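New to this one? Take a moment to look it over, and then we'll walk through it together.

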Amino acid sequence: RGLVQSSGVTYTRWGHDACPTSASMVYTGFLAGSFYSHTGGGSNHLCLPFNPQYTPNASSSYLSLIYGGEYQQLNNVNSRGAAILEANIPCAVCEVASRSRVLMLPARNECPSAWTR
């Protein structure tokens, strides 16, 4: 997998295990985050790599647990007909060297008029 370049932008592609042809792969992984009923964890999802490094002797009582996310869909298949119930949610961290910044706008599916996609 690639290393992040000195310029450009990285972004997470949720639900995919590959980057588009216009981007380079940094790493792939799966969605992770806090358990839905636990308090005190982070609010953002993480793209956890498949090969995490653990710190031994984490003896602090101030810990938060991380859980892998799974698809929970009533009809048990995705748009291509593949079974996905309780399957891990993939993610890919991608890099584009020709872009200078990225911003995720919640609840929007279009870029502002002066921006490029």
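## Inside and outside

How much of the chain counts as buried? Out of its 117 residues, 17% do. Keep in mind as you read on that this is a predicted model.

As for the outside, the chain has an accessible surface of about 9500 Å². Carbon and sulfur atoms account for 52% of that surface.

## The layout

Follow the chain along its sequence and you get the pattern β-β-β-β-β. That's five strands and zero helices.

Now for the contacts. Take those between residues at least 6 apart in sequence: 60% of them link residues that are at least 24 apart.

## The core

Which residues make up the largest nonpolar core? There are six: V9, C19, A23, A92, C94 and V96. Strand 5, covering residues 90–96, supplies three residues, the largest share of this core.

## A patch on the surface

Head back to the surface and you'll find a nonpolar patch of about 460 Å². F35, Y36, L65 and Y67 make this patch.

One of these, L65, sits in the loop between strand 3 (46–49) and strand 4 (67–68). Is L65 buried or exposed? Its relative accessible area is 52%, and the cut-off for exposed is over 50%, so L65 counts as exposed.

Technical notes:
Residues numbered from 1 in each chain as written. Predicted model: local features only at pLDDT ≥ 70, side-chain atom pairs only at ≥ 80, totals over all residues. Heavy atoms only, no water. Helix = DSSP H or I, 4+ residues; strand = E, 2+ residues; numbered from the N terminus. Buried < 20%, exposed > 50% of the residue type's maximum accessible area, 1.4 Å probe, protein only. Contact = heavy atoms within 4.5 Å. Areas by Shrake-Rupley, 256 points an atom, 1.4 Å probe, with all protein chains shown as cover. Patch = residues over 30% accessible without salt bridge, like charges linked within 9 Å, V, L, I, M, F, W, Y side chains within 5 Å. Salt bridge = Lys/Arg side-chain N within 4 Å of Asp/Glu carboxyl O. Core = buried A, V, L, I, M, F, W, Y, C linked by side-chain atoms within 4.5 Å.
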